[in-house]
Amino acid sequence: MTIPRLLAVSDLHIHYPENRGIVEGLQPTSDGDWLIVAGDVAEQVGDVEWALGLLRERFARVIWVPGNHELWTKGKDPVRLRGDERYRLLVERCRALDVLTPEDPFPIWDGAGGPATIAPLFTLYDYSFLPEGTTTSEEGLEAAYAAGVVCTDEHLLHADPFPSRAAWSAARIDESERRLAECDPDIPTVLVNHWPLTRLPTRVLRYPEFALWCGSERTADWHVRYRATTVVYGHLHIPRVTWEDGVRFVEASLGYPREWKARDERNGTMVADLLPRQVLPTP
């Protein structure tokens, strides 16, 4: 009998038919498998509901955190909500599907590799991952614009009712710290966030200025401070496992078809065979 596993995927981007097909093929190997979905499922609320509903039918528990794409408000989207209102609607829709969110009590994984508190987080970014040679967020953004590296969030991810994305991020980080401080100190955690919690994963970006939209220096020690056994994230579309301070970091992205098809060709692998990524027990 296959033991239950804690699994993870991110950046499914099901707007692409090839990615939708991969999601349709995701299956557990045990009735007890849990699945973490670390953001960027889709850009329209209806597509997010479809994907998470399908996965919830198959997996014993599904845990979702938002990515930047879920928070975009696009002209053709029938849901016109912006900022925090959009996020709260997504939380409501997830709860209707029995999918856990950052607003729900943190569940305890008691399977192999456990116990572990699974902590879904939503922190956004505050422009503190600065490009080389800059010392302030303003300088960093100026350098990014000069280099022609500008995240689409600048046009589609609204912070309402907060005055800026950085202010929204500050509020989300404060709330996450409060929740994490309440966790049982005798149980390790699995920290789940769409954006990287540390700067290190962004060091391999082809366009280093993009790191501005990738996280916050305020979360740099969370994997130590909150006793993480594993950190799960996405956003970068660079699936890999790294280690910091003895903690395993799993980037669980699928990414865009042009990216994963190129990886398949280079590595002689099939992306569908690599997803979901195993989080616990540690492979």
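## Cysteines, sheets and hollows in a predicted model

The structure holds zero disulfides. Please keep in mind as you read that this is a predicted model.

**The two cysteines**

Cys 151 takes part in no disulfide, and the nearest cysteine sulfur, that of Cys 214, lies 7.8 Å away. Seen from the other side, Cys 214 is likewise in no disulfide, with the sulfur of Cys 151 as its nearest cysteine sulfur at 7.8 Å. For a pair to count as a disulfide, the sulfur atoms would have to be within 2.5 Å. Are these residues buried or exposed? Cys 151 is buried, at a relative accessible area of 6%, and Cys 214 counts as buried because its relative accessibility is 0%.

**Two open sheets**

Let us turn to the strands. In general, strands of a sheet pair through backbone hydrogen bonds, either parallel or antiparallel.

One open sheet is built from four strands in the order 3-2-1-10, with mixed pairing. Strand 3 (61-64) and strand 10 (277-280) stand at its edges; each has a single partner strand, so one side of each is left without a neighbour in the sheet. From one strand to the next, the twist averages 30°. Within this sheet, strand 1 (residues 6-9) and strand 10 run antiparallel and are joined by three bridges. If you would like a spot to look at on screen, Leu 7 stands opposite Gln 278 in strand 10.

The other open sheet has six strands in the order 4-5-6-7-9-8, and its pairing is mixed too. Which strands stand at its edges? They are strand 4 (108-109) and strand 8 (240-244), each of which pairs on one side only. Further in, strand 6 (residues 189-192) pairs with strand 7 (residues 228-233) in the parallel sense over four bridges. There, Leu 191 stands opposite Val 231 in strand 7.

**Pockets and a cavity**

Here are the volumes of the hollow spaces.

| Space | Volume |
|---|---|
| Largest pocket | about 920 Å³ |
| Second largest pocket | about 260 Å³ |
| Largest cavity | about 40 Å³ |

The largest pocket is lined by 27 residues, and those nearest its centre are Tyr 207, Leu 236, His 237, Arg 258 and Glu 259. Sorted by class, its lining has 13 nonpolar, seven polar and seven charged residues.

The second largest pocket has 14 lining residues, with His 15, Glu 43, Gln 44, Asp 47 and Lys 74 closest to its centre. What classes make up this lining? The second largest pocket is lined by five nonpolar, four polar and five charged residues.

How many cavities of 30 Å³ or more are there? The count comes to one. The residues lining the largest cavity are Pro 102, Phe 106, Pro 120, Leu 121, Phe 122, Arg 172, Glu 175, Ser 176 and Arg 179. Helix 6 (residues 165-181) supplies four residues, the largest share of that lining. By class, the lining of the largest cavity divides into five nonpolar, one polar and three charged residues.

Conventions. Residues are numbered from 1 along each chain as its sequence is written. This is a predicted model: local features need pLDDT of at least 70, side-chain atom pairs count only at pLDDT 80 or more; totals for chains, interfaces and linings use all residues. Side-chain values use heavy atoms; hydrogens and water are left out. On a 1 Å grid over the protein atoms alone, a cavity is a set of points where a 1.4 Å probe fits but cannot get out, and a pocket is an open set with protein on both sides within 12 Å along at least five of seven lines; lining residues have an atom within 4 Å of a point. Grid points are joined across faces, edges and corners, and a volume is the space filled by probe spheres set on the points. Ala, Val, Leu, Ile, Met, Phe, Trp, Tyr, Cys and Pro count as nonpolar, Asp, Glu, Lys and Arg as charged, and the others, Gly among them, as polar. Buried means under 20% relative accessible area, exposed over 50%, partly exposed in between (1.4 Å probe, protein chains only). Two strands pair if DSSP finds at least two bridges between them. Helices (H or I, at least four residues) and strands (E, at least two) are DSSP runs, numbered from the N terminus. Axes are lines fitted to C-alpha atoms, for helices over the stretch in contact, and angles run from 0 to 180 degrees between N-to-C directions.
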